[in-house]
Number of protein chains: 2
Amino acid sequence: MVRSTTTAEQSQADQQSVEGQQPVVTPVGAEGCRPMRADARRNREAVLTAAASAFAENGVESPLEDIARQAGVGIGTLYRHFPTREELVFGVYQREVAQLCESATALVDELPPAEALQEWMRRFVLYAATKRGLVGMLRTMMADRTDLFAETRVRIRDAANLLLTSAAAAGEIRDDITAEDLTRSIGGICMASDGPVWSPANAGRLVDLVFDGLRFGAPNKR
Amino acid sequence: MVRSTTTAEQSQADQQSVEGQQPVVTPVGAEGCRPMRADARRNREAVLTAAASAFAENGVESPLEDIARQAGVGIGTLYRHFPTREELVFGVYQREVAQLCESATALVDELPPAEALQEWMRRFVLYAATKRGLVGMLRTMMADRTDLFAETRVRIRDAANLLLTSAAAAGEIRDDITAEDLTRSIGGICMASDGPVWSPANAGRLVDLVFDGLRFGAPNKR
DNA sequence: TAACTATACGGAGGCACCCTCCGGTTCGCA
DNA sequence: TGCGAACCGGAGGGTGCCTCCGTATAGTTA
């Protein structure tokens, strides 16, 4: 709209993710700059955490000043890290995708392959169903800035692939489903479960439906 | 196609004067009451006109105060007629649907049946492609307040039916397509052509594609 | 350890927009 | 023509957005 949106050259590099509480989480742009100062990184994380819970509770339109306060940070700091609301939304999305994808490897270790897959699908959809309006905003951004999503898309595909192949190898699901098939189905459920008639329960049923489809015709039925 | 709104206005007035069944067109609250005062009706129309052009130009987030100013009306007046932005959006939508549906009968008279149908489809999609973000907002509202859209849905279906049957009767298109099929296809195009990558040209190509589908297998090919 | 500097912090302030409220005006009817 | 109900308008208080710049501090060098 008429808002200025100056989008200064702003390019928060961080890209230093060696020992990892949070993996990478690279904001857009810049490579090779010096690493972020410790306090900056701390604040950035605090803002993301506060934003995630604010979005979940009050939707993506939550006042940015509330988020800053909740993070124990000035509004200026929030704006320095995320010059626009969209960048903040994307930051939250990116971090949660990373967590979700990491959980895939843990699940594979802890559970039987098919259960791991099902649980992962549930978590995936739950993320979306929990954040009111977030999916809608992401969908809009996706149409505009496809490039931003390239990295997360690959991550998701790899995680899906891991779970699918291990379940297929165990014969617990059919083996003719690709990671793309799976992510597309789940993505569809996420889109569908966004919006005013918002219901995690419905989303869960849809996930189970897709999962049954995966089991259909599997060698080792149970 | 610049058409005056007088006919639409007239028909609304007619409907209102018939007792019973208030069409949803009446402003909120007025329940079986006397008709609107002349100045109120005038202002209401002015606001709708200004809103339509503001939405087209700056998107559905246009400041309401600009719209009021453009309409030559105080902000209080705008709020009295449309207490929320959504109601204003719906008002614009409703009026334009009415115009569009009326144009169907005119088109049937003026053009060969198939051309009339194609032209109508084009106009339909053009409306949507012209208003940035409007379709998205309507989609959200639809999920929430299905009841509001019942009337417009019927209108659209009737108009589509008129065009379809006359073109099918002339053998210029196949006869196994229902009005629901058509409106669903067109609706899909409208959804697709909303969003940041906004392009009437693309929408037009999609319409032609659907139209070719309608001609496929028609008795009288040309 | 102290001094130094590049970097980050914070919040006041200006602006845009939202929405309400109520005194003044106008319409439509008798 | 007179009257009351209905309508008009815009001032004003409130909220949220975003910027700007003086102050604080992490990390580095001597």
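**Exercise 1. Find where Arg85(B) and its fellow residues meet the phosphates of DNA strand C.**

Step 1. The model is predicted. Start with chain B. A polar atom in the side chain of Arg85(B) sits 2.3 Å from a phosphate oxygen of DNA strand C.

Step 2. Turn to chain A. The side chain of Asn43(A) places an N or O atom 2.4 Å from a phosphate oxygen of the strand. Gly74(A) uses a polar backbone atom instead, and the distance to a phosphate oxygen is 3.1 Å.

Step 3. Now ask which elements give two or more residues to this surface. In chain A they are helix H1 (38-58) and helix H3 (75-81). In chain B they are helix H2 (38-58), helix H3 (64-70) and helix H4 (75-81). H3(A) gives the largest share, five residues.

**Exercise 2. Describe the protein surface around DNA strand C.**

Step 1. Count the residues. There are 21 around the strand. Those that come nearest are Arg37(A), Asn43(A), Arg80(A), Ala38(B) and Arg85(B).

Step 2. Look at the DNA side. Of the strand's atoms within 4 Å of the protein, 63% belong to sugar and phosphate.

Step 3. Sort the residues by class. Eight are nonpolar, five are polar and eight are charged.

**Exercise 3. Summarise the fold of chain A.**

Step 1. Count the elements. Chain A has nine helices and zero strands. Its pattern along the sequence reads α-α-α-α-α-α-α-α-α.

Step 2. Check burial. The chain has 222 residues, and 40% of them count as buried.

Step 3. Check how far contacts reach along the sequence. Take the contacts with a separation of 6 or more: 68% of them join residues 24 or more positions apart.

Step 4. Consider the surface. Chain A exposes about 12,000 Å², and carbon and sulfur atoms supply 52% of that area.

**Exercise 4. Is Glu96(A) buried or exposed?**

Step 1. Locate the residue. Glu96(A) lies in helix H4 (residues 85-110) of chain A.

Step 2. Apply the cut-off. Buried means under 20% relative accessible area. Glu96(A) has 14%, so this residue is buried.

Step 3. List the contacts. Setting aside neighbours within four places in sequence, Glu96(A) touches Ala52(A), Tyr127(A) and Lys131(A).

**Exercise 5. Is Arg37(B) buried or exposed?**

Step 1. Locate the residue. Arg37(B) belongs to the loop between helix H1 (6-17) and H2 of chain B.

Step 2. Apply the cut-off. Exposed means over 50% relative accessible area. Arg37(B) reaches 63%, so this residue is exposed.

Step 3. Look for a partner. The side chains of Arg37(B) and Asp39(B) make a polar contact at 2.9 Å.

**Exercise 6. Which residues of helix H7 of chain B are buried, and what do they pack against?**

Step 1. Take the helix, residues 134-144. Its buried residues are Leu134(B), Val135(B), Gly136(B), Met137(B), Leu138(B) and Met141(B).

Step 2. Find their partners in chain B. These buried residues pack against H2, helix H5 (85-110), helix H6 (113-130), helix H8 (146-169) and helix H9 (179-192).

**Exercise 7. How many disulfides does the whole structure have?**

Step 1. Recall the term. A disulfide is a covalent bond between the sulfur atoms of two cysteines.

Step 2. Search every chain. The result is zero disulfides.

Step 3. Inspect two cysteines. Cys190(A) has 6% relative accessibility, so this cysteine counts as buried. Cys190(B) has 7% and also counts as buried.

Terms used. Residues numbered from 1 in each chain as written. Chains lettered and ligands numbered in written order. Predicted model: local features only at pLDDT ≥ 70, side-chain atom pairs only at ≥ 80, totals over all residues. Heavy atoms only, no water. Near = heavy atom within 4 Å. Polar contact = N/O pair within 3.5 Å; in protein donor to acceptor, adjacent residues only side chain to side chain. Helix = DSSP H or I, 4+ residues; strand = E, 2+ residues; numbered from the N terminus. Nonpolar A, V, L, I, M, F, W, Y, C, P; charged D, E, K, R; others polar. Buried < 20%, exposed > 50% of the residue type's maximum accessible area, 1.4 Å probe, protein only. Contact = heavy atoms within 4.5 Å. Areas by Shrake-Rupley, 256 points an atom, 1.4 Å probe, with all protein chains shown as cover. Disulfide = S-S within 2.5 Å.
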